[in-house]
Amino acid sequence: MTRSLLETRGVIKDYAVRVLHGVDLDVRAGEIHALLGANGAGKSTLCRIIAGLTRSSGGTMTLGGETYSPRDKQQAESCGIQIVQQELNLLSTLSVAENLFFNRLPRRLGVIDRGALRRRARVALDRIGLNEIDADTATGTLGVGQQQLVEIASALDRDCRVLILDEPTAALTGDESRRLFRWLDELRSQGVGMIYISHRLEEVTRLADRLTVLRDGRTAATVAAHEVSPDGMVQLMTGETSDESSHAGQWRSHAGSHSLLRVVGLSRLPMVDNVSLEVRAGERLGIAGLVGSGRTELLRAIFGADRAEAGELYLGEDPTPRRFDHPSAAVAHGMAMVTEDRKQNGLLLSLSLLINTTLCSLDRFSSKLGYLHRRAEASETARLLESLETRCTSIEQAVGTLSGGNQQKVAVAKWLLRDADVFLFDEPTRGIDVAARRRLYRLFDSLARHGKGLVIVSSDLDELLETCDRITVMSAGRVTGTFDRSSWSRDAIMRASFAGYRRSGEEVA
């Protein structure tokens, strides 16, 4: 048996409540070790302790057989521990190159050597296939998926003994994910030990040598990955038998003929170029495409988060053409948007679940004199969050203290309370566990059944095939195809995803 490279024994972590109850984990050299569990099970907390981002409240760790207790992230990195977290940790105002080498900038005579920085950045970006990204580009101008790849490129550029990846493919397309997997296989051959957190069980089956399941902050099982099916993984995570029947088999269309939203010739160059689409009452319209194809930018232009340069929107039976120049106008006209980056754009992390949930719907709880009915506000918030099975200590808890998946539930709850007519979902299941994802799919179905129109952007094609009535494909900022269930196929959708780049003469990996 290969000797363990990293071991944790009886690791405990206390916040307001105990979140880790004596967790054991061992990672071997040259192994991809999957760490599974529902949101709130303690996966990210354990990894933050290993990476020196927080201190444990008890237990021990060893690295290479020697006692390991990092006081901070810098010391952990000096010991060869690298982490790529689920939430982005880049500085948006700095260039891609500066973010890649933030705490190890090359210097010459005490001054940053810009030439060396660009050369090293180019190597790091090309290594992971980011050939199209200029190292001098401001990081904040990149999409979330591209920013995620930049973080991964930074980690892969460093020499490391243990690499921790927390939902690394959550914002990536299938092609980008496969490119990453090839690099992980290479690192495994070099003897690097890896901890891999993912809710995408097909990735675990593809990559992992072994897996450890956490349940309610405890180690539930450690098994060889080939010994357990995805169904068995779900059962280990939940402690219950999972119904693995296909959601697609239960799928039922609720789409009517009544149009809720028509987008005609909408443009915000270069990412959105003359886009037209329609969403009918009760319809779930998926938007597929590669990272950087313009999907997020399209939703932002529709919602008024970015000002469109051309094109019109038509809402319902109203013949008035319009373009929103601010999200408040879109909300006033019955639209809602669950953003891709909840940390930056979707939630107020330092404020409570109550405030975040009701912020867009305070008029529902206000008297004619402007007083808030606090009891009704709290009751409705508690009911809604309970229906989404949000794990929290109370509705007064700060949203930033929740796990990523539970934060996403609050972001969805905010708009459910608003009761909009058209819902724009940008990567809605990013960071959500398998069981919560299924509940969200049922929520999509319920919204459609009640006549709402849904636009769902997802990098997970399986998700769109499972939940949508139609799928529109974007490529290089343009619509390159729209498919319904009678005509779609993976092959046709993937061809459409690359069509815009081929037409524009760009080379696609």
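The dialogue below goes through the sheet, two of its surroundings, the cysteines and the salt bridges of this structure.

User: What kind of model is this, and how are residues numbered?

Analyst: This is a predicted model, in which local features need pLDDT of at least 70 and side-chain atom pairs count only at pLDDT 80 or more, while totals for chains, interfaces and linings use all residues. Residues are numbered from 1 along each chain as its sequence is written, and side-chain values use heavy atoms, with hydrogens and water left out.

User: How do I read the sheet, and in what order do the 6 strands stand?

Analyst: Strands of a sheet pair through backbone hydrogen bonds, either parallel or antiparallel. Strands here are DSSP runs (E, at least two residues), helices are DSSP runs too (H or I, at least four), and both are numbered from the N terminus. Two strands pair if DSSP finds at least two bridges between them. In this structure, 6 strands form an open sheet in the order S6-S9-S10-S3-S11-S12, with mixed pairing. S6 and S12 (218–224) are at the edges with a single partner strand each, so one side of each has no neighbour in the sheet. From one strand to the next, the twist averages 20°; axes are lines fitted to C-alpha atoms, for helices over the stretch in contact, and angles run from 0 to 180 degrees between N-to-C directions.

User: Which strands pair with S9, and in what sense?

Analyst: S6 (residues 81–84) and S9 run parallel and are joined by 4 bridges, with isoleucine 81 opposite valine 162. S9 also pairs with S10 (residues 193–197) in the parallel sense, over 5 bridges. There, valine 162 stands opposite glycine 193. Between S9 and S10 the chain passes through helix H6 (residues 174–189), and this β-α-β crossover is right-handed. Right-handed means that, with the strands pointing away from the viewer, the path from the first strand over the helix to the second runs clockwise.

User: Where in the sheet is antiparallel pairing found?

Analyst: S11 (residues 210–215) and S12 run antiparallel, joined by 6 bridges. Arginine 215 has arginine 218 in S12 as its bridge partner.

User: Which strands do helices H6 and H8 lie against?

Analyst: Contact means heavy atoms within 4.5 Å. H6 packs on the sheet and touches S3 (32–36), S9 and S10, its direction making about 145° with that of S10. H8 (residues 230–238) lies across S3, S11 and S12, at about 35° to S11.

User: Is S9 buried or exposed?

Analyst: Buried means under 20% relative accessible area, exposed over 50%, and partly exposed in between (1.4 Å probe, protein chains only). 5 of the 5 residues of S9 (residues 162–166) are buried, so the strand is largely enclosed by the rest of the structure. Val162, Ile164 and Asp166 point one way from S9, and Leu163 and Leu165 point the other way. Helix H10 (residues 295–303) is also largely enclosed, because 7 of its 9 residues are buried, including Leu298, Leu299 and Phe303. Glycine 304 follows H10 and has a positive phi, near 85°.

User: How many disulfides are there?

Analyst: A disulfide is a pair of cysteine sulfur atoms within 2.5 Å. The search of the whole structure finds 0. For cysteine 160, the nearest cysteine sulfur belongs to cysteine 79 and is 13 Å away. Cysteine 160 is buried at 16% relative accessible area, and cysteine 468 is buried at 0%.

User: How many salt bridges does the structure hold, and which parts do they tie together?

Analyst: Side chains of opposite charge can pair when their charged atoms come close. The cut-off is a side-chain nitrogen of Lys or Arg within 4 Å of a carboxyl oxygen of Asp or Glu. The structure holds 30 salt bridges. One of them joins aspartate 157 and arginine 127 (3.3 Å, N to O). Aspartate 157 is in the loop between H5 (144–156) and S9, and arginine 127 is in H4 (residues 114–127), so the pair ties together parts 30 residues apart in sequence. Arginine 127 is partly exposed, at 27%.

Another salt bridge joins aspartate 460 and arginine 437 (3.3 Å, N to O). Aspartate 460 lies in the loop between S19 (453–457) and H17 (461–467) and arginine 437 in H16 (residues 434–449), so this pair ties together parts that are 23 residues apart in sequence. Aspartate 460 is buried at 10% relative accessibility, and arginine 437 is buried at 12%.

User: What separates glutamate 377 and arginine 374 in helix H14?

Analyst: Glutamate 377 and arginine 374 are 3 residues apart in H14, about one helical turn. Their salt bridge has its closest N and O atoms 3.4 Å apart. Glutamate 377 is buried, at 3%, whereas arginine 374 is exposed, at 54%.
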